[in-house]
Amino acid sequence: MTNNNLIAFALEDRWTGFWQGTIGVWLLERGVPIALYLIGGLLAARFINWSARRVVKRIDAEYQESDQLVRTESAKHRQAVASVISWVTVALLFVIVIMQVTSILAIPVGSLVAPAAVLGAALGFGAQRVVQDLLSGFFIITEKQYGFGDLVSLTVAGIALPAEGTVEDVTLRVTKLRSSEGEMFTIPNGQIVKTVNLSKDWARAVIDIPVPTAADLNVVNDLLHGVAEKAMEDPGLRALLLDAPQLMGVESIELDTVNLRMVARTLPGKQFEVGRRIRVLVVRALRRAGIVSSTDAATTPKVEALVHPATSTGAASETQGPPEDRK
């Protein structure tokens with residue numbers, strides 16, 4: 001028997017002895033199952049997140065392929081529910097994996113009751129805030145207060161100004177808003193005091209029109225009714241309007257102006273675009289009729305004729321030459 005054979009038999013004996021020893025048995029009986037549970041949990045979590053993104057993309061594809069100008073309320077709610085379900089499922093999955101790992105390691109759960117009580121008392125205040133966020137998020141989703149793509153204004157505790165923007169993500173714990181300036185707001189659901197949904201079912205554009213008190217209101221009303229008819233004749237505006245704009249009449253009276261109000265029901269989230277376009281039509285109509293506010297009339301520059309010295313001999317003779325020649 002050669003030296004190589006002897007070395008091979010020695011390595012084989014050592015390898016077999018290792019797996020029959022304490023460490024080898026522990027790896028085979030506990031280490032491998034724990035690794036399989038951890039790897040399986042990670043793969044399952046990735047699959048759940050992939051499935052949720054697939055559902056969201058399918059809902060977006062249905063909206064993009066349709067001729068709808070805005071998302072339906074059911075589509076917004078389904079996207080929010082898909083996000084919440086994936087988040088809850090991943091959390092439950094990791095809890096199950098942790099319980100299986102503790103079972104394989106033969107850790108007595110009863111012995112962890114006392115440390116868990118101490119840890120729970122220490123983290124009680126922080127856990128209270130988390131539970132509050134989770135409960136608030138649950139009611140936001142179930143009550144359909146807002147969903148993905150909604151334009152909302154949220155009053156947050158401890159902040160004077162409300163947070164306004166488009167909802168980009170809703171989970172049980174936080175709500176993410178994208179402002180008109182591109183900023184991302186992440187707001188804990190438990191801190192939301194009041195919710196104002198600006199794109200729920202339908203919206204309303206409100207246009208206040210100041211006119212001078214000297215203007216004939218009958219003429220102004222006729223002009224505004226013409227603006228409403230012209231808005232319905234515009235294909236781009238008619239697609240965003242649910243009905244013709246309505247003139248509500250005099251809203252307030254000030255010293256130099258009278259404020260008239262016009263309203264229009266629009267598709268959800270389109271009230272700002274409709275308001276801007278109707279204001280352009282109103283300004284054009286008033287300008288063509290010669291109706292301007294007193295401020296505009298006062299700030300209008302007056303242009304006077306200027307006489308060039310070369311074209312006026314009398315003025316030139318009086319202004320040119322030394323003072324002795326003019327005596």
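# Reading helices, sheets and contacts in a predicted model

Colleague: Let me begin with helix α8: R276, R287 and R288 are exposed on its other side. Which residues of α8 are buried?

Modeller: Good place to start, and please keep in mind that this is a predicted model. A residue counts as buried when its relative accessible area is under 20% and as exposed when it is over 50%. In α8, the buried ones are Q271, V274, G275, I278, L281, V282, A285 and L286. Looking down the axis of α8, you find these buried residues within an arc of 130 degrees, so they line one face of the helix. The arginines R276, R287 and R288 are exposed on the other side.

Colleague: What covers the buried residues of α8?

Modeller: The cover includes two strands, β6 (203-212) and β8 (257-266), and two helices, α6 (217-233) and α7 (235-240).

Colleague: How far does α8 reach from its first C-alpha to its last?

Modeller: Here the idea is to set the span against the one expected at 1.5 Å a residue. Helix α8 covers residues 271-288, which makes 18 residues, and its reach of 26 Å is close to the 26 Å expected. After α8 comes G290, and its phi is positive, near 75 degrees.

Colleague: Let me try the same reading on α6. Which residues of α6 are buried, and which are exposed on the other side?

Modeller: V220, L224, V227, A228 and A231 are the buried ones in α6. Their directions, seen down the axis of α6, fall within an arc of 100 degrees, so they line one face of the helix. On the other side of α6 you will find N218, D222, E229 and E233 exposed. As for its span, α6 has 17 residues and reaches 24 Å from first to last C-alpha, close to the 24 Å expected at 1.5 Å a residue. The buried residues of α6 pack against β6, β7, β8, α7 and α8.

Colleague: Strands β6, β7 and β8 keep turning up in that list. In what order do they form a sheet?

Modeller: To read a sheet, take the strand order, then look for the edges. The order here is β6-β8-β7, an open sheet with antiparallel pairing. Strands β6 and β7 (246-253) are the edges, since each pairs on one side only. On average, neighbouring strands of this sheet are turned by 25 degrees against each other, direction ignored.

Colleague: Over how many bridges do β6 and β8 pair?

Modeller: β6 and β8 pair over 10 bridges, in the antiparallel sense. One place to look is V206, which stands opposite V263 in β8. Helix α8 packs on this sheet, where it touches β6 and β8, and its direction makes about 25 degrees with that of β6.

Colleague: There is also a sheet of five strands. Which strands are its edges?

Modeller: Its order is β4-β3-β2-β1-β5, again open and with antiparallel pairing. The edge strands are β4 (184-188) and β5 (192-197), each pairing on one side only. In this sheet, neighbouring strands are turned by 45 degrees against each other on average, direction ignored. Further in, β1 (residues 151-156) and β2 pair over four bridges in the antiparallel sense, and S153 has E164 in β2 as its bridge partner.

Colleague: Where is T171, and is it buried or exposed?

Modeller: T171 lies in the loop between β2 (163-170) and β3 (174-178). With a relative accessibility of 11%, T171 counts as buried, because the cut-off is under 20%. Leaving out residues up to four places away in sequence, T171 touches S83, V84, G137 and N189.

Colleague: How many aromatic pairs are there in the whole structure?

Modeller: A search finds two. One of them joins F138 and F139, with 5.5 Å centre to centre and 70 degrees between the planes. Planes over 60 degrees apart count as edge-to-face, so this pair gets that label. F138 is partly exposed at 44% relative accessible area, and F139 is partly exposed at 43%.

Colleague: One last feature: how many residues apart along the chain are V130 and G190?

Modeller: They are 60 residues apart along the chain, while their C-alpha atoms are separated by 8.0 Å. V130 sits in helix α5 (residues 124-142) and, at 37% relative accessibility, counts as partly exposed.

Terms used
Residues numbered from 1 in each chain as written. Predicted model: local features only at pLDDT ≥ 70, side-chain atom pairs only at ≥ 80, totals over all residues. Heavy atoms only, no water. Buried < 20%, exposed > 50% of the residue type's maximum accessible area, 1.4 Å probe, protein only. Contact = heavy atoms within 4.5 Å. Expected span 1.5 Å × (residues − 1). Arc of directions from axis to C-beta. Pairing = 2+ DSSP bridges. Axes fitted to C-alpha atoms, helices over the stretch in contact; angles between N-to-C directions. Phe/Tyr/Trp six-rings, centres within 6.5 Å; stacked < 30°, edge-to-face > 60°.
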